[in-house]
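Dear colleague,

I am handing over the structure below, and after it I have set out what was found. Please keep it open beside the text while you read.

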Amino acid sequence: MKNTVLRQLIVTVTGLTMTLFAINVSAAPGDLYVGNSTGGTVLKVNPVLKTIFASGLTDPTGLAFDASGNLFVADASSHMIFKITPNGTRTTFASNLGVLFALAFDASGDLFAIDEGSGSIFKFTPDGVKSTFASGIGSPVSLAIDSAGNLFVGDQVANAIFKFAPDGSKTTFTSGLNDPLGLAFDSAGNLFVAENVGGTIFKFTPNGTMTTFTSGLNGPSGLAFDSAGNLFEADSNSNSIFEFTPNGIKTTFATSVGNPFGLAFEPTLHQLLNISTRGFVGTGDAVLIGGFIVGGNGMVNGKVLIRAAGPSLTALQVSGALQDPLLRLFNSSGAVILSNDNWRDTQETAIQATGLAPSDNRESAILATLPAGAYTAIVSGVNDSTGIARVDVFNVQ
């Protein structure tokens, strides 16, 4: 049961309804949070109840939860990032920054912050060490990170979305927009873009194909998906939050929010059991397939290690083991989101830290924090090699 110190009171007198906001509300998995830039608060909202989770801020613009359920708030006017624990305890995580807009965590727990004032993206390690990830951006205002660790940044001046690979290399994902102020990925890897001035939400497939998801909005400024795949939109000019089903049906989720900006769902525990499958890998379509489903809506316990074993099976008295496995991870749309041949090539340090690294350098492994959805791990042989292989999926704490 969600623990609240005070409950919202609704007093009706001769048809007049007055809403009193509660204070000192504890966070709970699955709740929706919104930055109220007019009141300097962070609200926890649902269709009938709005409670104040944090107050005393100046201009809360960006919200993001870490894997432990702590809420990080970008406060644009004070140039600070605050950390708020689930019970509401607030500390200063970073200060002396510029005009902050958006926040997002990657799979390693690093926090990325959009600083519109300096045209930069800052990166913070979990213990607060700051570095500049990218600079020289015209007017960055929005941020989302895909499952492969690529950063997507909306630029208000260029009216474009730039894609930054994990190594910092920059490409233009799309252009010709009208103030892309909100970004969010669904579980299938599609990018949704809220066009603030244009009042439109666009949907981009992983290959960049654009369609109009909905239009006629009044200043969309923030996007977030719940665990069921519904899209929530902060409509700043109407002081409302709207909910869209996956097929685009719109309902009003909350009103009288007060210039809502960033949105974030308190992450819920993913549900994933460790699995292992062994079989023969042939050529063509004769591959080894391991399917799994990740539940929940956030990053808590959503980190998985996927291994493709082959050479090490020989020591287990398995004859005809595949000597050079290739591992690919597919999302529910059938798109490859990550792949690996030899596990030491890309994530060696992080994989070793799990204590689950393959014992043979020729084997493959992928470490990723995945949003809710269905996934398929496929093992094939490099250069059409064949043999017995095993695919393992571990839930990494």
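**A covered strand and its partner**

In this model, which is a predicted one, strand β10, running over residues 100–105, is mostly covered, since six of its six residues are buried. Strand β10 pairs with strand β11, which spans residues 111–115, and the two are joined in the antiparallel sense over four bridges. If you would like to trace this pairing yourself, you can begin at L100, whose bridge partner in β11 is D115, and then go to F105, whose bridge partner in β11 is L111. The hairpin formed by β10 and β11 has five residues between the strands, and G109 takes a positive phi near 90 degrees there. As background, the strands of a sheet pair through backbone hydrogen bonds, and this pairing may be either parallel or antiparallel.

**The sheet around them**

β10 and β11 belong to an open sheet of four strands, in the order β10-β11-β12-β13, with antiparallel pairing. At its edges lie β10 and β13 (130–134), each of which pairs on one side only. From one strand to the next, the twist averages 30 degrees.

**One residue to look at: D75**

Is D75 buried or exposed? D75, which lies in strand β7 (residues 71–75), has a relative accessible area of 1%, and because the cut-off for buried is under 20%, D75 counts as buried. If its neighbours within four places in sequence are left aside, D75 is in contact with L57, T58, D59, P60, M80, F82 and L100; the last of these, L100, is the residue with D115 as its bridge partner in β11. The side chain of D75 also makes a polar contact with the side chain of S78, at 2.7 Å. In addition, D75 and T61 are 14 residues apart in sequence, while their C-alpha atoms are 6.0 Å apart in space.

**The chain as a whole**

Stepping back from these details, the chain has one helix and 34 strands, and buried residues make up 54% of its 397 residues. Among the contacts in the chain with a separation of 6 or more, 51% are accounted for by residues 24 or more positions apart. The accessible surface of the chain comes to about 16700 Å², and 51% of that surface belongs to carbon and sulfur atoms.

With best wishes

Conventions: Residues are numbered from 1 along each chain as its sequence is written. This is a predicted model: local features need pLDDT of at least 70, side-chain atom pairs count only at pLDDT 80 or more; totals for chains, interfaces and linings use all residues. Side-chain values use heavy atoms; hydrogens and water are left out. Buried means under 20% relative accessible area, exposed over 50%, partly exposed in between (1.4 Å probe, protein chains only). Two strands pair if DSSP finds at least two bridges between them. Contact means heavy atoms within 4.5 Å. Accessible areas come from the Shrake-Rupley method with a 1.4 Å probe; for residues, only the protein chains shown count as cover. A polar contact is a pair of N or O atoms within 3.5 Å; within protein, one must be able to donate a hydrogen and the other to accept it, and residues adjacent in sequence count only if both atoms are side-chain atoms. Axes are lines fitted to C-alpha atoms, for helices over the stretch in contact, and angles run from 0 to 180 degrees between N-to-C directions.
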